[in-house]
Amino acid sequence: MKQSEITKLSTADLKFQVNQLKRTYTDLKTAHAISPIQNPLQIRILRRSVARMITELSTRD
């Protein structure tokens, strides 16, 4: 998700998205540990998206 999209979200939506993406990240990471996934760059993209959202949440407080 792009930074411009993240700034448009409300705080509640951001918290929901962070929880959802963290779950997806852990699922993807375990799937990759068991057998290599087709696109391992998805793991990096998800990790960075979560970091962007957490940073946005911390700047709002």
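Buried means under 20% relative accessible area, exposed over 50%, and partly exposed in between, with a 1.4 Å probe and protein chains only as cover. This is a predicted model, in which local features need pLDDT of at least 70 and side-chain atom pairs count only at pLDDT 80 or more, while totals for chains, interfaces and linings use all residues. Residues are numbered from 1 along each chain as its sequence is written, and side-chain values use heavy atoms, with hydrogens and water left out.

**Exercise 1. Describe the chain as a whole.**

Step 1: start with burial. Buried residues make up 23% of the 61 residues in the chain.

Step 2: list the elements. The chain has 3 helices and 0 strands, where helices (H or I, at least four residues) and strands (E, at least two) are DSSP runs numbered from the N terminus. Their order from the N terminus is α-α-α.

Step 3: take the dimensions. Along the principal axes, the C-alpha atoms fill a box of roughly 40 × 15 × 15 Å.

Step 4: look at the contacts (heavy atoms within 4.5 Å). Of those between residues at least 6 apart in sequence, 65% join residues at least 24 apart.

**Exercise 2. Find which residues of H3 are buried, and what covers them.**

Step 1: check the span of the helix. H3 has 20 residues and reaches 29 Å from its first C-alpha to its last, close to the 28 Å expected at 1.5 Å a residue. The expected span is 1.5 Å times one less than the number of residues.

Step 2: name the buried residues of H3. They are Ile43, Leu46, Ser49, Val50, Met53, Glu56 and Leu57. These residues cover an arc of only 160° around the axis, so they sit on the same side of H3; the arc is that of the directions from the helix axis to the C-beta atoms.

Step 3: identify the cover. It includes helix H1 (3-8) and helix H2 (11-34).

**Exercise 3. Locate the salt bridge and describe its two partners.**

Step 1: apply the rule, a side-chain nitrogen of Lys or Arg within 4 Å of a carboxyl oxygen of Asp or Glu. The count is 1 salt bridge.

Step 2: name the pair. Arginine 60 and glutamate 56 meet through their side chains at 3.1 Å, N to O.

Step 3: place the partners. Both lie in helix H3 (residues 41-60), 4 residues apart, about one turn of the helix. An α-helix has 3.6 residues a turn, so residues three or four places apart point the same way.

Step 4: compare their exposure. Arginine 60 is partly exposed, with a relative accessible area of 29%, whereas glutamate 56 is buried, at 13%.
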